[in-house]
Each structure stands twice: as C-alpha cells, then as structure tokens.
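Please work through the following exercises with the sequence and the structure open beside you. Each task is followed by a solution that goes step by step.

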Amino acid sequence: MTSIVARNTVTAAATGRQRNTVAIIGGGCGGALAAAAITRNPAWRTVLISPEDRPGRGVAYGAAEPWHLLNSRVSTMSADATDPQHLLRWCRARGLPADAATFLPRAWYGDYLADHLAGAASTAGSRLVHHRAEAVGVRPEQAGWTITDANGCRIHADQVILALGNPPPRPPAAVTAAALDSPAFVADPWAPGVLDRALAAVRSPAAAPVLLLGTGLTAVDVVLTLNEKARGVPVEALSRRGLLPQTHPQRPAPAVDLALPEAAALGPLLRHVRAAIAEGADWTAVVEYVRHHADRLWNGLTPAAQERFLRHVQRYWEVHRHRMAPPIAARIDRLRDQGTLRIRSGRLLCIDPDPGGGLLAHIEGEAPRRYAAVVSCTGPGPLPSSAGPLLTALLADGLVTTGPHGLGLDADVDGRVRPGLWLVGPLRRGRSWESTAVPEIRAQVERLAAALPQPVPAA
C-alpha cells in the first residue's frame with residue numbers, strides 16, 4: 001500500500017548551530033518514535049538524521065515483503081503509549097482489515113510509523129526537520145556535539161540520541177574466506193537483491209537445496225520469500241538445537257501475576273516459572289509476564305548467572321518469547337509437510353566453495369553436502385566486532401563502551417551513555433534485556449524524553 005501522507009512533510013534540515021537542538025541518528029522505529037515524542041516539548045528543536053526519503057520504516061519494516069507479518073498483535077503495537085487504539089484507528093481510516101488481535105503485514109506497519117512521524121512533523125512545523133544523509137561521525141565540542149554526515153556537512157546539537165537499530169549480522173566462524181567471497185553465500189538476507197542472487201543459483205541446471213544457517217524468525221522470513229519467488233525450491237534450515245519459534249495462540253491468554261522476585265541465581269527463577277506452568281497457567285501468559293519484568297530480573301542476576309542464561313537458556317527463551325503469527329506458522333507447517341522445508345539440528349564445522357559450483361557444508365557426523373546457496377540467518381552480530389563504521393569510531397574514541405556480554409552498549413536506566421549522549425532501541429541490550437520490540441522501545445523513548453535536561457531558556 002502507499003501512504004496518503006505527503007513524502008515531504010518532514011523537510012530537509014539546515015546545518016547551522018541552533019540552541020536547544022536534539023539530534024537523533026537513525027530513521028527506523030526507534031528514531032521515529034523518539035522524534036515524535038521529543039517534539040511534544042515545544043522548547044526542543046529536533047533533527048532526525050537518516051538517509052531515507054521517508055523515515056520510520058527501518059530495516060525491519062522497510063525491507064519486508066507483503067507476506068511478512070508482524071510477530072505481535074495490533075493491540076500491542078501503538079506508537080502512542082497513551083493511546084492503545086491509535087494503530088487500530090489508523091487501519092480503519094484506511095480501510096485495512098484489522099482488529100485488536102490481527103497480525104498486520106510488516107510493510108503496513110512501516111507505513112504507520114512513517115505516518116506517525118509525518119503527523120508529528122506537521123504539528124511541530126520547523127521544530128522537527130529531517131536531514132537526509134548518513135551520519136558518519138559524532139564528536140563532543142565545548143557546548144554539545146557535532147555530527148558529520150557522509151557529505152561532509154556538520155550538524156550541531158545539545159543532545160544526541162543514537163537509534164541505530166541492531167548491529168549488522170556476522171557470518172559464522174565456520175564460513176571460510178573463500179565461501180564469504182562466493183556469490184552463493186548471503187551474509188545479510190535483508191540487503192537489497194541478495195535473495196534474488198541466491199535464487200539464480202537455485203535455478204541453475206545442477207541446482208541443489210538452499211541451506212539457511214539459523215532456525216529463528218529471520219529464517220522463517222527467508223523461507224517464505226524463497227518459496228514465494230520460486231515455488232517448491234527445497235530449503236534446509238540448520239541450527240545447533242533445530243528449534244523453530246513457537247506460535248501465538250489465536251487469541252491472547254488471560255494475564256497472570258507470578259510475583260517473581262529478583263534473584264541472583266538463575267535456578268530459583270526457572271523453578272518458579274516451571275511451577276506456574278505445571279500448576280495450570282497458560283505458558284504464553286507466563287512468558288508475557290516474564291517479558292514485562294525481564295529487565296528487572298535480568299539485572300538482578302549475577303554476571304555469572306547471566307552467562308549461564310546465555311549459554312543454556314537463551315535459545316529456549318527466544319523461541320517462546322519471539323513467536324510466529326498463526327498464519328505464518330500454518331504456512332511453515334505446510335512447507336514441512338510437503339517436504340519443501342526441512343528443519344535440522346547439527347553442528348556446522350565448515351562451509352567452503354564446491355568445485356562444481358555452490359557451497360559445500362561440513363556438518364559434524366555427516367558426509368559433506370553441496371548446496372546451491374547458503375543464507376546466514378543468525379541475527380544481529382555481537383559488539384564490538386559487528387559495529388558499523390559510526391559505532392566503531394565512537395568505540396575507538398572512548399565515547400561509548402560495550403555493555404555486559406557484548407550484547408550492546410553500556411548506558412544507565414534512562415539510556416544515558418554520558419552527558420548529552422543517549423541510546424534508544426537494540427543497542428541498549430548492554431544493560432536492558434528487552435530492547436528490540438516496539439512496546440519496550442516505546443517505553444525507553446518516553447523515559448528518555450522525560451530525562452532530558454531542561455532546555456536553555458531563550459534569550
């Protein structure tokens with residue numbers, strides 16, 4: 001669908017120095033929500049720095065195909081925390097079939113976020129501007145910060161918010177350098193056009209199956225895209241445990257209150273959760289309760305207990321927490337029943353080019369097998385090794401530091417890295433466990449906006 005809001009509602013930014021300016025770097029969900037929230041304070045001028053013509057979609061929604069659905073219901077995805085019906089009214093105003101329990105196409109949700117930002121810009125007028133460029137540098141100055149874009153322009157700001165989304169994926173160590181250079185290997189399935197390249201290999205006369213490294217939600221998205229563009233293409237998805245995401249129930253279960261106390265060790269928390277389910281609580285409601293208390297519980301664990309969770313529990317948590325929409329799960333089940341999709345568990349030892357074309361996968365305990373293409377679906381990479389150029393420079397300058405376990409960057413509970421520098425979104429996972437979904441990002445934005453220092457009064 002095409003948004004009815006004009007593309008140029010958010011206008012280009014001037015780069016001169018103006019007082020009481022907040023610069024937001026990143027044009028995805030976190031950047032759009034932060035910009036819309038901060039413009040509610042008329043004392044601030046906000047500059048959103050991102051290369052998109054119309055920010056708000058980001059990778060999660062901008063690269064989505066029509067068959068990709070949200071993994072959460074309409075009722076939880078409002079951009080306005082004070083108005084839970086905001087998204088539903090947006091759908092109805094455009095004649096889109098939806099109710100509170102619907103799982104919308106992700107592309108529609110991207111349009112919604114873009115419209116939300118455009119509406120905020122329309123209200124704010126010149127107080128919200130969009131500088132269409134990629135930020136490549138952030139440096140402190142005597143009074144605030146200077147952001148440099150890829151064109152050499154400089155934007156001066158009193159406060160800077162990094163809303164950069166997830167770090168880019170990092171290919172598994174088992175993929176050799178020669179395989180990385182092969183056109184049959186896809187390191188980032190969200191990069192434009194790369195899956196078409198993989199499909200071209202599948203359509204060759206000596207085609208073999210496509211191998212996906214990972215069995216999470218990214219792999220599910222890739223399976224659907226491959227099947228939509230080349231019906232019947234055989235796909236295998238491999239992970240250490242071979243676990244697919246669970247499925248949302250058709251209607252959400254009634255909420256539960258577990259009254260989970262903080263614990264320094266992991267064992268008591270796990271026993272409490274298992275006991276609640278054994279006593280009859282719906283497991284999806286239990287997971288939702290833990291999700292909403294996850295940051296408190298995570299920060300109550302010792303570093304050793306957190307490491308134990310990451311080694312032994314994280315994958316099980318992810319497949320129960322990040323579930324498939326029922327229509328998506330039904331499609332995956334059909335592909336498995338047809339033999340088109342095979343979910344496998346195993347330990348990948350090596351991937352290298354095959355002399356006959358494609359790639360050769362060595363899996364522990366098995367003979368090497370040829371695949372027409374291999375797609376990495378392992379999700380965001382760790383920091384600092386997966387930091388992009390901007391984050392790499394900030395880390396090198398000591399302006400930001402990695403948080404515990406390399407999950408993100410370090411920041412306080414409000415998202416403050418240091419005076420005048422803030423984080424929103426997945427980069428907060430250095431301290432906050434739940435930082436990737438819209439409700440949590442929305443809450444981060446509201447807390448950050450309230451924590452901003454009072455603007456300097458106009459002279």
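A residue is called buried when its relative accessible area is under 20%, exposed when it is over 50%, and partly exposed in between. The structure shown here is a predicted model.

**Exercise 1. Backbone angles and a peptide bond**

Task: Find where Ala 259 lies, decide whether Ala 259 counts as buried or exposed, and then look at the backbone of Ala 259, Asn 20 and Pro 384.

Solution. Begin with the place: Ala 259 is found in the loop that runs between β10 (235-239) and α8. Next, take the accessibility, which is 57% for Ala 259, and because this is over the cut-off of 50%, Ala 259 counts as exposed. Then turn to the backbone, keeping in mind that most residues other than glycine have a negative phi, and that most peptide bonds are trans. Ala 259 is not a glycine, yet its phi is positive, at about 50 degrees. Asn 20 also has a positive phi, near 60 degrees, without being a glycine. Asn 20 belongs to the segment before β1 (21-25), and with a relative accessible area of 10% it is buried. Finally, the peptide bond that joins Leu 383 and Pro 384 is cis, with omega at about 5 degrees, and Pro 384 has its place in the loop between β15 (373-376) and α14.

**Exercise 2. Salt bridges that tie parts together**

Task: State how many salt bridges the structure holds, and describe for three of the pairs which parts of the chain they tie together.

Solution. The count comes first: there are 26 salt bridges in the structure. As background, side chains of opposite charge can pair when their charged atoms come close.

- The first pair to examine is Arg 57 with Asp 111, whose side chains meet in a salt bridge at 2.5 Å, N to O. Because Arg 57 lies in the loop between β2 (45-50) and α2 (58-62), while Asp 111 lies in helix α4 (residues 106-124), this pair ties together parts that are 54 residues apart in sequence. Arg 57 is partly exposed at 23% relative accessible area, whereas Asp 111 is buried at 4%.
- Another pair is Arg 139 with Asp 397, where the closest N and O atoms are 2.6 Å apart. Since Arg 139 sits in strand β4 (residues 135-141) and Asp 397 in the loop between α14 (389-396) and β16 (416-418), the parts tied together are 258 residues apart in sequence. Arg 139 is partly exposed, with a relative accessible area of 48%, and Asp 397 is partly exposed at 39%.
- The last pair to examine is Arg 347 with Glu 364, the closest N and O atoms being 3.1 Å apart. Arg 347 is in the loop between β11 (341-345) and β12 (348-353), and Glu 364 is in the loop between β13 (359-363) and β14 (369-371), so the pair ties together parts that are 17 residues apart in sequence.

To finish, note that salt bridges can share partners, and in this way Glu 236, Arg 342, Arg 344, Glu 366 and Arg 369 are joined into one network.

**Exercise 3. An enclosed helix and a charged patch**

Task: Explain why helix α9 is described as largely enclosed, and then find which residues gather in a patch of positive charge on the surface.

Solution. Helix α9 spans residues 283-292, and seven of its ten residues are buried, so the helix is largely enclosed by the rest of the structure. The buried residues are Thr 284, Ala 285, Val 286, Val 287, Tyr 289, Val 290 and Arg 291. Their cover includes α8, α10 (294-300), α12 (314-321) and α15 (438-451).

Now move to the surface, where Arg 271, Arg 274, Arg 308 and Arg 311 gather in a patch of positive charge. The elements that give two or more residues to this patch are α8 (266-278) and α11 (303-312). Take Arg 274 as a case to check: it lies in helix α8, and at 57% relative accessibility it counts as exposed.

**Exercise 4. Distance along the chain and in space**

Task: Compare separation in sequence with separation in space for the pair Ser 182 and Ala 373 and for the pair Gly 358 and Ala 281.

Solution. Ser 182, in the loop between α5 (177-180) and β8 (185-186), is 191 residues from Ala 373 in sequence, but their C-alpha atoms are 9.3 Å apart. Gly 358, in the loop between β12 and β13, is 77 residues from Ala 281 along the chain, and here the C-alpha atoms are separated by 48 Å.

Key
Residues are numbered from 1 along each chain as its sequence is written. This is a predicted model: local features need pLDDT of at least 70, side-chain atom pairs count only at pLDDT 80 or more; totals for chains, interfaces and linings use all residues. Side-chain values use heavy atoms; hydrogens and water are left out. Patches are made of residues with over 30% relative accessible area and no salt bridge: like charges are joined within 9 Å, nonpolar side chains (Val, Leu, Ile, Met, Phe, Trp, Tyr) within 5 Å. Accessible areas come from the Shrake-Rupley method with a 1.4 Å probe; for residues, only the protein chains shown count as cover. A salt bridge is a side-chain nitrogen of Lys or Arg within 4 Å of a carboxyl oxygen of Asp or Glu. Lys and Arg count as positive and Asp and Glu as negative; His and the chain ends are not counted. The place of a charge is taken as NZ of Lys, CZ of Arg, CG of Asp or CD of Glu. Helices (H or I, at least four residues) and strands (E, at least two) are DSSP runs, numbered from the N terminus. Buried means under 20% relative accessible area, exposed over 50%, partly exposed in between (1.4 Å probe, protein chains only). Contact means heavy atoms within 4.5 Å.
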